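Please find below some remarks on backbone geometry, set out as numbered points for use beside the coordinates.

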Amino acid sequence: MKTNTFLPSYKVLLVGLLAFIITSCDKTIQEPIIPAYSPSNVDANAGIWKTYVLTSPAEVDVPAPSATNSAEYQAELSSLKQISSALTPDQKQKVEYWGAGAVYRWNEIARELAARYNLPPAAGPDGKYPLPDAANPLADPKFPFANPPYTARAMAYLSVAQYDALVTAWHYKYKYNRMSPAQAESSIKAALPVSGIPTYPSEDAVVAAASFNVLKAMFPGEVPYLEAKMKEHQESRLWAGMNVQSDLAAGAVLGTAVAAKVMGRAKTDGMSSSNNQSMTAGMIENAKKLGVTEPWVSQESPARPPMLPTYGLVTPWNFDKATVAKLRPEAPPAVGSAEFNKALDELKSIQKNQTREQARIANFWSDGVGSYTPPGHWLRTAANAAHDARYSEVRMARTLALVSTALMDAGICCWDVKFWWYYPRPQQYGLKTTVGTPNFPSYTSGHSTFSAAAAEVLGHIFPAQAKKFADMALEASNSRMYGLIHYRFDCEAGLKCGKNIGSYAVTRAKADGADQ
Amino acid sequence: MKVKTLYMLTLALLLMAAGAQAQMPHDVIYMPKNTSCLALTYGHSSWDEYWENTLKRENLNIGTHTTQMAMAMAAVGITDRLNVIASVPYIWTQTSAGNLMGLKGFQDASAWIKYKAFDKKGLSLHGVVGGSIPLTNYVPEFLPMSIGLQARTATGRIIANYSHSPTGLYLTGHGSYSWRSNIYVDRDSYLAGDRMHNTDEVQIPNAIDLGARVGILKSKWQTEVFVERFACVDGDNIRRNDMPFPTNKMEMTTVGWYGKVQPRNIGVNARVGYVVEGLNVGQSLSYSVGFLYQFNY
């Protein structure tokens with residue numbers, strides 16, 4: 001009997017069907033895999049790039065490493081050979097995870113923490129909202145409430161500490177020029193791409209220690225979690241055969257020392273008095289004097305004090321405090337004026353006929369409660385762009401420092417404007433929302449300000465993608481109209497201010513030595 | 001801030017309401033061959049307290065949350081022991097306080113095949129398979145205002161029944177397992193289980209539902225009381241003062257009454273349910289009324 005060999009047997013079909021059913025039922029979510037890479041440019045001169053808080057890399061001393069022919073170093077190499085020769089699947093997975101990039105991963109960890117802590121306190125039985133307590137961070141309400149201004153600041157200090165520490169690290173790397181373990185000892189097989197960047201001190205240990213020391217202050221309830229992450233990060237470099245112990249130890253000391261200096265600035269930047277509710281009465285008076293006849297009132301029940309009314313007084317990064325007032329936009333339309341009514345009518349019309357595409361845009365950019373906020377959204381975008389460009393750790397850190405300081409500056413300026421005009425939300429005129437109403441004045445739009453500032457910086461760093469980033473910023477801005485919580489003039493003024501604010505970071509970028 | 005009651009409510013309504021010969025995916029009544037039943041049902045469900053994780057709370061920015069539904073449902077007697085049931089609901093939501101915008105639209109079409117596998121001396125066993133599929137591209141991530149979760153579902157159910165024919169007294173129990181597909185949301189990152197997921201794909205927990213009912217079924221009328229349990233098999237809890245999300249582990253126990261009068265081809269039915277206990281859902285009181293019409297051909 002002749003069988004038709006072109007057709008699979010019923011057993012094959014059955015197995016195929018079974019496999020199909022099983023894979024269809026597999027609900028595992030595939031998240032993007034972030035691969036390791038060898039940087040497109042080692043940025044050998046990064047040791048002279050302009051730092052933010054440090055005056056020069058010499059501020060932190062890193063002692064010379066032991067010579068490569070010393071018994072001490074040879075012992076480190078043979079220990080490393082042993083550690084990295086047989087990895088468990090779990091160790092391999094961790095090597096790959098951290099291999100995506102030290103700055104990349106710690107930025108992602110910080111964004112996750114921001115999302116986890118982005119919860120407004122619930123009102124107590126007395127109708128009052130308890131304040132999060134830094135001394136008791138895990139009580140209800142948890143400290144911090146990582147709202148957009150808080151998150152912008154946390155991310156800025158994180159990125160600045162990473163950047164200043166890495167510039168310092170690069171200075172010593174190229175001063176001491178210790179080659180990588182795999183280059184020093186051919187029997188060591190590195191599990192990640194070896195770049196030729198000197199490995200003493202380890203950039204991974206620098207970033208881990210700098211990040212840990214910033215984040216433990218920003219998220220004091222997460223110290224054990226952050227310690228475990230730091231330890232895992234350091235160990236992953238041994239498992240990967242990328243660093244010897246002395247590379248890591250020197251990096252940890254350096255990262256810790258730089259973070260301490262950066263956090264010194266944080267202690268005096270005015271954040272501790274950014275929630276000065278006693279000033280709101282004067283702010284309302286000021287807005288009335290400026291012609292805002294119906295100032296903002298909280299739309300929550302019970303009425304919630306506005307979010308960080310004096311955040312506008314926090315010290316910016318890329319310009320001085322006096323400039324904040326100079327960056328204020330023109331006056332918003334008078335409530336009830338033709339221009340105001342036109343903007344309100346536009347929202348009413350969206351409320352009546354919100355399209356699915358408008359809802360999609362509103363949801364995509366909502367970045368509200370429980371999210372990493374607009375600053376987190378833009379830092380994710382920035383980190384991915386820098387990763388795609390195969391940036392070195394120090395250039396990745398520079399990118400995120402430029403973007404995150406611009407984002408914090410945007411937050412400061414926008415909050416200054418919001419509490420200068422104390423302008424009413426559309427919800428005070430009967431509008432609903434599909435994204436939730438933020439608990440602070442309307443003019444100008446925070447999303448628009450944040451987004452335009454970030455897009456301006458990213459457009460400078462990645463000129464070929466400048467239009468894409470500007471389009472994203474415009475969409476983020478529009479999303480707040482589609483979500484019914486901002487008038488068009490809030491958004492347009494926010495975009496304009498944001499672009500101006502971002503241009504200060506661009507000016508810095510042009511002169512920080514990285515593009516020479 | 002709200003709860004996912006919507007979906008639960010809808011599910012409950014889908015499972016409970018409608019059917020002329022009382023024909024529902026969880027009962028043991030069959031349309032005879034060459035007959036069909038069309039049911040048009042209005043449902044109303046509301047709550048002003050919900051379980052945020054295990055914390056029972058009110059929310060002054062929601063007040064009372066209400067979900068309403070209009071549904072068309074058809075049951076067709078393929079044979080005396082094999083029926084096909086299908087339904088299409090239209091749903092709209094609103095709150096009495098706060099400024100969350102209500103949403104509305106056609107939700108998920110569902111279809112069921114019910115088969116009587118065994119029937120002897122009043123004891124019967126039935127197998128039901130069913131599935132549902134979203135009819136429109138409604139937003140699933142704006143809970144509790146969303147009208148559904150966007151998941152495709154496939155459900156297997158076993159029903160056991162004892163009927164005492166002289167009196168019409170019956171006792172029914174059912175158990176189901178629902179596989180629910182992952183969904184795609186508009187945002188490209190979200191927190192679930194305290195972990196950030198950098199994707200727009202969201203895992204919707206599978207669910208079981210159990211029910212026990214006791215009642216009297218006569219040729220022209222029916223009355224019963226029931227208790228039902230719906231529970232996701234996994235998922236996360238609503239965090240303190242957070243919004244609900246489709247990944248939440250929702251659970252609810254509902255007690256209620258169902259009745260039907262159908263003297264001829266035309267009939268009416270009604271159902272009342274109250275959630276006595278739950279997790280990540282609203283404590284809803286729901287009712288529905290249906291108009292029934294039986295076709296013979």
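1. A term is needed at the outset: strands are DSSP runs of E of at least two residues, numbered from the N terminus, and helices are runs of H or I of at least four. The model under discussion is predicted.

2. In chain B, a loop joins β2 (49-52) to β3 (55-58), and Asn53(B) lies within this loop. Although Asn53(B) is not a glycine, its phi is positive, at about 55°. Asn53(B) has 16 other C-beta atoms within 10 Å; because a residue counts as buried only at 20 or more and as exposed at 12 or fewer, Asn53(B) is classed as partly exposed.

3. Which element of chain A holds Thr373(A)? The residue belongs to helix α14, which covers residues 373-388. Its phi is near 70°, again a positive value in a residue other than glycine. Thr373(A) counts as buried because 29 C-beta neighbours are found inside 10 Å, the threshold being 20 or more.

4. Chain A also contains a cis peptide bond, running from Ser301(A) to Pro302(A), with omega near -10°. Pro302(A) is placed in the loop between α10 (280-289) and α11 (321-326).

5. Where in chain B is Pro144(B) found? It sits in the loop that separates β8 (123-134) from β9 (153-164). The peptide bond leading to Pro144(B) from Leu143(B) is cis, and its omega is near 10°.

6. For inspection of the model, the sites named above are the cis bonds at Ser301(A)–Pro302(A) and Leu143(B)–Pro144(B), together with the positive phi values of Thr373(A) and Asn53(B).

Definitions and conventions. Residues numbered from 1 in each chain as written. Chains lettered and ligands numbered in written order. Predicted model: local features only at pLDDT ≥ 70, side-chain atom pairs only at ≥ 80, totals over all residues.
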